[in-house]
Structure formats: structure tokens, C-alpha cells
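Thanks for sharing this one. Here are a few friendly notes to read with the structure open beside you.

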Amino acid sequence: MREPYRVAEAGLPERVTVYEVGPRDGLQNEPVMVPVEIKAEFIARLAAAGHRVIEATSFVRPGWVPQLADAAELLAGLDRVPGVRYPVLVPNERGLDRALEHGVQEIAIFGSATETFAGRNLNRTLESQFEMFEPVVARALGHGLRVRAYLSMCFGDPWEGPTPIGQVVAVGRRLLDLGCFELSLGDTTGVGTPGHVTALVEAFGGPSRLAVHFHDTYGQALVNTLAALRAGVTVVDASTGGIGGCPYAESATGNLATEDLVWMLHGLGVETGLDLESLVETSTWLAAELGRPSPSRVVRALGAGRAPDRHVKE
Ligand code: MG
């Protein structure tokens, strides 16, 4: 399979952890119900491709996300590979109870950087969301779990416009101060641009404990990722095949595709531990299961049936 030419850029991290969200953030927005066996195979393929952190599913109320209503069954049958983390999204204490029942060792909570999205996505205010998170994180830490925090709408909000950077930092710091080991800065509607990324990381005082979660809605996900790397961020969320988005946010399509990210990182000489060919094969397989082509540019360029240099001759 074709590989990117490797030309390193000085000042970038040597290695980046790709936090794979396809089985959760990717599948949760898919209209076709995916059988639990296919989800388990998807996760197994991701681990075989070299992923060391795969967000497996979600314990939100099944009525909210019918696609992930099989979370317990999936976890019960999951063939866990040693050294691979399988975090699960947990919204509240009931979700934490279920995660604990199923031997989950890492959870992720999700907060909002804006008032309107806190109301729409969490049925809380910007302030009262913490009343929901505090007992979840405290109890999870008490059980020895690791807790990641997502923060949505870090760049802009479709109802409120640009999100003030100081507000993002204030909410994000409170999530970290609860004891979360990592804060994933989400550009839920994909409106961010690179200078905004740089300014936001700087406003946090640097990249420590920050991850980034970009959406490609406006075609900015990769360039925003590069800005984050230049600012020192070493954890990047991505979804194999570019599937998914957010079902509760207007026009929040287009998770950054893992393959597109890996093509750029390997081209930059940044190690990921991931095998691009295996990822493309997995996305091609999954696209057939979902009944639609992968939105990933790299999957389309390298996917099954492509002659090696066909696009050059056309
Ligand atoms: Mg996403």
C-alpha cells in the first residue's frame, strides 16, 4: 500500500496517541443498527491495527442512543487485548454503576463549554453540570478507575456563536480539578481554525493533560490538529473511516478520520504505532457493513479495488 513520504518537521512530538472513538462516537450516529458481533469485530480489528486506546461504547440511557443499547452485551463478550484501554462513556451515576458491573477500568464523562449546549445535551446549566459530574468522578476514582473528560463546543456553539476562550478554560480546569487525567477539547460543530487552537492551548497554560477532538465539518480538522501538535498536544481523537459526529448538535458531522490523521502524522515522521493498511481494510469492511462509503479521503484513495496509481493516469 502507498505510504506518505516522510519529511519530519522540527518541534513536533515524536509520538502521538490516537484516541480511537469510532466504536462509540462513530457508530452512535449511524442510522443502520450494527449487530453486536460486528461491533466486537470492529474493536478487535482496531486493536490488531495497533490501537492502544479504543472507546468501546456508552452507558447513556439506551433510549437516547439506541445504537449503543447493547453496551453491556458488547463488554461482556469483548476480547480484551493486554495493554489496550477500552474506555466507556458514562453520563451519570447510573451509567457508572453499569460500567462498574461490567469491569470497566476507564470512563469518559462529557461536559459542555456553553450554557445552551449544557441545556440541550445534558439538561443542565453550565454550572449545575458539575453537580452531576462530581459524584461520578469521585466514585470512579474511589474504585481505581481513570476518568477522561470531554468538553463540547470549545470553539463555537450554533446558538451562542464563538465560545469565549476564558469560559472554555474555566470549565475545562474545573473538570481537570475533579481528578480527570485528561481533557479532550471538542470542536463539536467543526468551526475552529488553527489560530484559535493555538490560542486555546496557550490559554490553558500549555498542552499538559489536553487532548483534541476535531470535526471536519468545515474542512479544518487536520490543519487544526497540526496547530495542536505544534502547541505540544500529543493525544488526538479520531474515528476510523471518519464515521459519526454528534446527534444532538446541528451540522455536527464529520469526525476526523483516523486514516487521514495517520497519513499526516506518518508523513510528518510522528510515530503512532498504527498500521495504515490495516485501518484502511477495517474501514472498507465497516463501510460495507454500514452500506455506505467511508467519508475518509485516505480510505477512498487507498481503499479496496484501487489500482496503485490510477488517479495519476486519469
Ligand atoms: Mg466527535
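1. A definition helps before we start: the expected span of a helix is 1.5 Å times one less than its number of residues. Please also keep in mind that this is a predicted model.

2. With that in hand, take helix α6, residues 129-142. Its 14 residues reach 20 Å from the first C-alpha to the last, close to the 20 Å expected at 1.5 Å a residue.

3. Which residues of α6 are buried? They are Q129, F130, M132, F133, V136, V137 and A140, where buried means under 20% relative accessible area. Looking down the axis of α6, you will find these buried residues within an arc of 145 degrees, so they line one face of the helix. As background, an α-helix has 3.6 residues a turn, so residues three or four places apart point the same way.

4. Now turn α6 around: the face directed away from its buried side carries the exposed residues E131 and G142.

5. What covers the buried residues of α6? The cover includes the helices α4 (93-101), α5 (115-122) and α7 (165-177), along with the strands β4 (106-112) and β5 (146-152). After α6 comes G144, with a positive phi near 80 degrees.

6. Another spot to look at is the pair α8 (residues 194-203) and α9 (residues 221-230). Their axes come within 8 Å and cross at roughly 30 degrees, and the crossing is right-handed. From α8, P194, V197 and T198 make the contact, and from α9, V223, N224, A227 and A228. By type, the residues of this contact are five nonpolar, two polar and no charged.

Note on methods: Residues numbered from 1 in each chain as written. Predicted model: local features only at pLDDT ≥ 70, side-chain atom pairs only at ≥ 80, totals over all residues. Heavy atoms only, no water. Axes fitted to C-alpha atoms, helices over the stretch in contact; angles between N-to-C directions. Helix = DSSP H or I, 4+ residues; strand = E, 2+ residues; numbered from the N terminus. Left-handed = near helix turned anticlockwise from the far one by under 90°. Contact = heavy atoms within 4.5 Å. Nonpolar A, V, L, I, M, F, W, Y, C, P; charged D, E, K, R; others polar. Buried < 20%, exposed > 50% of the residue type's maximum accessible area, 1.4 Å probe, protein only. Arc of directions from axis to C-beta.
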